[in-house]
Amino acid sequence: MTAKHLLLSTLAASTLSATALGQSSTSHQGMTPEILLTMARVGASDISPDGKQVVYAVSFPSIEDNSSRSELFVVGFDGQGRKQITHTPSGEYAPKWIDQGRRIAFLSPESGSMQLWSMKPDGSDRRMLTDIEGGIESYAFSPDETQVAFIKQIKYGKRTVDLYPDLPKASGRVINNLMYKHWDEWVETIPHIFVAKLGEQPVAQSLDILEGEPYQAPTKPFADISDVAWSPDGKTIAYSSRKKEGVAYSLSTNTDIYLYSLETGQTRNITEGMMGYDTHPRFSPDGKSISWISMERDGYEADLKRLFVMDLSSGEKTWLTEGFECDVDETQWASDAKSIYFLSCIKAETQLFHLPLKTRKIRQITEGQHNYTSLQLAGKYLLAGRQSMAAPTDLYRVTIKTGEALPITQENKEVLDRLSPITIEKRWMKTTDGGDMLVWVVLPPNFDPNKKYPSLLYCQGGPQSTVSQYFSFRWNPRLMAEQGYIVIAPNRHGVPSFGKSWNEQISGDYSGQNIRDYLTAVDEMKKESYIDPKRIGAVGASYGGYSVFYLAGHHEGRFSALIAHAGIFNLEMQYMTTEEMWFANWDMGGAPWDKDNKIAQHTFANSPHKFVDKWDTPLLVIHGELDFRILAGQGMAAFNAAQLRGIPSQMLIYPDENHWILRPQNALLWQRTFFGWLDRWLKK
């Protein structure tokens, strides 16, 4: 743990800081859902080999078209000379500089499926590099750029038509094992890593480096290219995979790092015996070592993310971040192979860090009320994405020595300049067990402490997900405050960035200390004269939705309106209908039928559905029918229960959305329904 981390952990519960954001001398207006949902969204970026230019993608959602398009831009690393280099209806994604900066590679569906293309930096001379049947999903060039690795979906299992060719129109699925569904899909394809040599003509043939293996590589749901890495000599590919199927896959998080030799076709597992998630392999620039992010325990998806490195000649493994009780993300080796840069969230703010291998003394490079979201080394600088509760992601040039950050993109400047200033306070509150809890308090524009305001308790999902300085295009604290609400967002027990014990408290105790933390945050804020105690709502999604359903039967008159999105209503049904059983086993403590398991029995005894007789508060339920993590039946059951009890209630159900709400018009409907419900009950 760093000295700064130790210092932060000693802050008193009464500590209060406030930051005013979005100040502008222009005339102001309020943020609306329409403004939020049409803001530009900065995507993938890459810095040129000479360190002078950055290429990046920006997506532009359209409510009218109910879709989004992505265009590519270049800008100087000093923030000057921004230029749009693509103007196509098909869109361009994932740009990378190639050919010593003379060309830019990117993904585009222009040909009818997603393929790899290249062009000159001014957008001219577009050339198709791959023509792979069915398209590809992401890519990574070999260091000499003569080969490319890419992710492609392959068929998995047998369809009904394979079993019964005479029933080609039958829609039923014959299921024989678990993990037949995942997040929002029936698992009929899995990702594999393919390698191809580039030439004058678009590549049509490639090598599946997992040929014949029924395993995902990289693993779903994201199957990201960040879990694939080339060795500096281009002879080896490292990748992450959980080589299990069916019930075994559903019960385990034991994902390993494999090395595939392009010369011999042999594969070697270098993390065998390391039982948790092993992901994000990175070769050192000199090719002597490899690093990766590792969790210790099998079946625990929210375990501490540790940074490991292995000497490739000796096989010796070293835990570089031992004693550092915050997660490691987005690693990159220094060019001299003597240190590693990474992201980590500490006390609900994600910053950039530097770790020399020799001393292992972690140095925090940046500080401030924001989240860094990405990093790329560029000489004495880092190219980094950054966001906050006040503003979406932009790209920054960060000086490694001082942490000074220069914005090089300002994609939403005109919009943000027109918005009224907003204040986000950082408060520390004592929990009932004597802990120190950080609570973000977001105040409405033109806040007047002499007035009384309605307020919202924001219940975080995850459950182990920090309420950091994030910017969401759905659960957006700024948008809530812009509608006249004070937002109370606690980092209750069971979230990372406050130490290992704080994070792990929630496992097996969904209805315990973390629920008391929510009530503490509300009760502490009710002491403020500007909080109207009769106009407080509670809102949340996923585990946050569970929290709302549970609070509905236990809030003792604190709330006047409730909203639960994709929430767990019946824990026993959740255990038996979700797909990742490792998650249910760890968080709930075990199965409902294990009567001797005290933790599991305590969990199921406190299922929200068992306290419906105590419900008395207006409730809005939102759910997507393609949500295979928490089935839509959970939301329907809660709504039905409220209706049968005579509780004022409403349900917004989406037949074509999953755990998230992705389509622009559906997202706008979500926001209008969300605030319509709150305004109805909290602005009387």
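In this predicted model, Ala149 stands opposite Val195, a residue of strand S14. This pair belongs to a longer arrangement, in which strand S11 (residues 147–155) and strand S14 (residues 189–197) pair in the antiparallel sense over nine bridges. Strand S11 also has a partner in strand S10 (residues 138–141), to which it is joined by four bridges, and these two strands likewise run antiparallel. Within that pairing, Phe141 has Val148 of S11 as its bridge partner. The two strands S10 and S11 form a hairpin, with five residues between them, and in the turn Glu145 has a positive phi of about 65°.

A further set of strands was examined. Strands of a sheet pair through backbone hydrogen bonds, and this pairing may be parallel or antiparallel. Here, four strands form an open sheet in the order S2-S3-S4-S5, and the pairing is antiparallel. The edges of this sheet are taken by strand S2 (41–47) and strand S5 (83–84), each of which pairs on one side only. Strand S5 is joined by two bridges to strand S4 (residues 67–76), and the two run antiparallel; in this pairing, the bridge partner of Val74 is Lys83 in S5.

Among the helices, helix H8 (residues 513–525) packs with helix H9 (residues 543–552) at an angle of about 75°, their axes being 11 Å apart. Because angles from 65 to 115 degrees count as roughly perpendicular, H8 is described as roughly perpendicular to H9. In the contact, Asn514, Ile515, Tyr518 and Leu519 of H8 meet Tyr543, Ser547, Tyr550 and Leu551 of H9. Sorted by class, the contact of H8 with H9 has six nonpolar residues and two polar ones, with no charged residues.

Empty space in the model was also considered. Rolling a probe the size of a water molecule over the atoms shows where such space is left. The second largest pocket has a volume of about 560 Å³. It is lined by 27 residues, of which Tyr156, Gly157, Lys158, Tyr180 and Val187 are the closest to its centre. Two helices take part in the lining of the second largest pocket, since helix H3 (160–163) and helix H4 (246–251) each supply at least two residues. By class, the lining of this pocket comprises 13 nonpolar, eight polar and six charged residues.

Methods:
Residues are numbered from 1 along each chain as its sequence is written. This is a predicted model: local features need pLDDT of at least 70, side-chain atom pairs count only at pLDDT 80 or more; totals for chains, interfaces and linings use all residues. Side-chain values use heavy atoms; hydrogens and water are left out. On a 1 Å grid over the protein atoms alone, a cavity is a set of points where a 1.4 Å probe fits but cannot get out, and a pocket is an open set with protein on both sides within 12 Å along at least five of seven lines; lining residues have an atom within 4 Å of a point. Grid points are joined across faces, edges and corners, and a volume is the space filled by probe spheres set on the points. Ala, Val, Leu, Ile, Met, Phe, Trp, Tyr, Cys and Pro count as nonpolar, Asp, Glu, Lys and Arg as charged, and the others, Gly among them, as polar. Two strands pair if DSSP finds at least two bridges between them. Axes are lines fitted to C-alpha atoms, for helices over the stretch in contact, and angles run from 0 to 180 degrees between N-to-C directions. Angles under 35 degrees count as roughly parallel, over 145 as roughly antiparallel, 65 to 115 as roughly perpendicular and the rest as oblique. Contact means heavy atoms within 4.5 Å.
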